[in-house]
Amino acid sequence: LRSCSPGRTRRTNASRRACLVARFGDIYAQERLDAETLLRTYISDMEMVQRIIYIAAVESFHAAKMAYRQFKIRVRETLSLGHSGPESLEDTVLDYIVRHEDLYDVQASVNEVIRSMNVNPKISFPPEIDFIVISTLIRELCRVAFAMQTLIPPLDIAFGTDGELFSETKYHRSFDSDFTAALVAYHVWPALMENDVVIVKGEAVTKR
């Protein structure tokens, strides 16, 4: 039976969304720059540094979304055994996940991200160093991405490819871009999306 009164998660959706969007902006402004500074001590090529950070963001969202789906399946299976209402099972599951976000094994996601980055052909790293040096950035991105899956609708990042047509609605151009170039050379930060609508612009470099 559908509930007449929405679950707590639905009631707090707007305030949680605002906090998570703000946190995504904070990560861009703080943890991203910290990771950039750290990577510059090992890698002189700024493009490679920015590619590493962008791929870390993309892989973090991917790992967190996978972890969320698995977590939700386990919670639904457990709660369905004794569920009787008044809220719908789906609302009860969401409420539980929001209240117990600390049960999310963020370290497992961090490890998964680093594994994926190690085999990514677009980025390289000095052999004596490990991507674990930017694990703080990865951990914070995984946390915020996981929490964004509990929103209605969930938030996600835009899919970006090198050489795509630059979109003014999706990205800001980096200061070192060729402002007359029409194509994206590479991405610096992903755009944040809600139902395929951009709510926070990303950053990209355009070059001829």
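How many helices and strands are there in the protein? There are 7 helices and 6 strands. Keep in mind as you look around that this is a predicted model. If you walk along the sequence, you meet the pattern α-α-α-α-α-α-α-β-β-β-β-β-β. To get a feel for the dimensions, picture a box of roughly 60 × 40 × 25 Å, taken along the principal axes, which the C-alpha atoms fill.

Next, let's split things up. The protein is divided into domain 1, which covers residues 6-154, and domain 2, which covers 158-207. Their centres, taken over C-alpha atoms, are 21 Å apart.

Now for the strands, starting with an open sheet of 3 strands in the order β1-β4-β5, where the pairing is antiparallel. Its edge strands are β1 (155-157) and β5, and each of them pairs on one side only. From one strand to the next, the twist averages 45°. Try finding β1 and β4 on the model: they run antiparallel and are joined by 3 bridges. One pair to look for is Ile-157 and its bridge partner in β4, Leu-192. A helix sits against this sheet too: α2 packs on it, touching β1, β4 and β5, and the direction of α2 makes about 70° with that of β5.

On the other side of β4 comes its pairing with β5. Strand β4 (residues 192-194) and strand β5 (residues 197-200) pair in the antiparallel sense, again over 3 bridges. Here Met-193 stands opposite Val-198 in β5. These two strands make a hairpin with 2 residues between the strands, and in that hairpin Asn-195 takes a positive phi near 50°.

There's another open sheet of 3 strands to find, and its order is β2-β6-β3. This one has mixed pairing. The edge strands are β2 (171-173) and β3 (184-189), each pairing on one side only. The twist in this sheet averages 35° from one strand to the next. Follow β2 and you'll see that it pairs with strand β6 (residues 202-206) in the parallel sense, over 3 bridges. To spot the pairing by residue, start at Tyr-171: its bridge partner in β6 is Gly-202. Helix α4 (residues 46-80) lies across β3 and β6, and it runs at about 60° to β3.

So what happens where the domains meet? The area buried between domain 1 and domain 2 is about 1700 Å², and carbon and sulfur atoms give 61% of it. Three residues stand out on the domain 1 side: Phe-24, Gln-50 and Tyr-54 supply 37% of the area that domain 1 buries against domain 2, more than any other three residues. In terms of contacts, 19 residues from domain 1 and 18 residues from domain 2 take part.

Charged and polar groups join in as well. Between the two domains, the count is 3 salt bridges. Look for Arg-17, which forms a salt bridge with Glu-194, with the closest N and O atoms 2.7 Å apart. The count of residue pairs in polar contact between the domains is 4.

Which elements give two or more residues to the side of domain 1 that touches domain 2? They are α2 (13-29), α4 and α7 (135-148). Among these, α4 gives the most, with 7 residues.

Note on methods:
Residues are numbered from 1 along each chain as its sequence is written. This is a predicted model: local features need pLDDT of at least 70, side-chain atom pairs count only at pLDDT 80 or more; totals for chains, interfaces and linings use all residues. Side-chain values use heavy atoms; hydrogens and water are left out. Two strands pair if DSSP finds at least two bridges between them. Helices (H or I, at least four residues) and strands (E, at least two) are DSSP runs, numbered from the N terminus. Axes are lines fitted to C-alpha atoms, for helices over the stretch in contact, and angles run from 0 to 180 degrees between N-to-C directions. Contact means heavy atoms within 4.5 Å. Domain bounds come from an automatic or database domain assignment. Buried area is the accessible area (1.4 Å probe) that two parts lose on being put together, summed over both. A salt bridge is a side-chain nitrogen of Lys or Arg within 4 Å of a carboxyl oxygen of Asp or Glu. A polar contact is a pair of N or O atoms within 3.5 Å; within protein, one must be able to donate a hydrogen and the other to accept it, and residues adjacent in sequence count only if both atoms are side-chain atoms.
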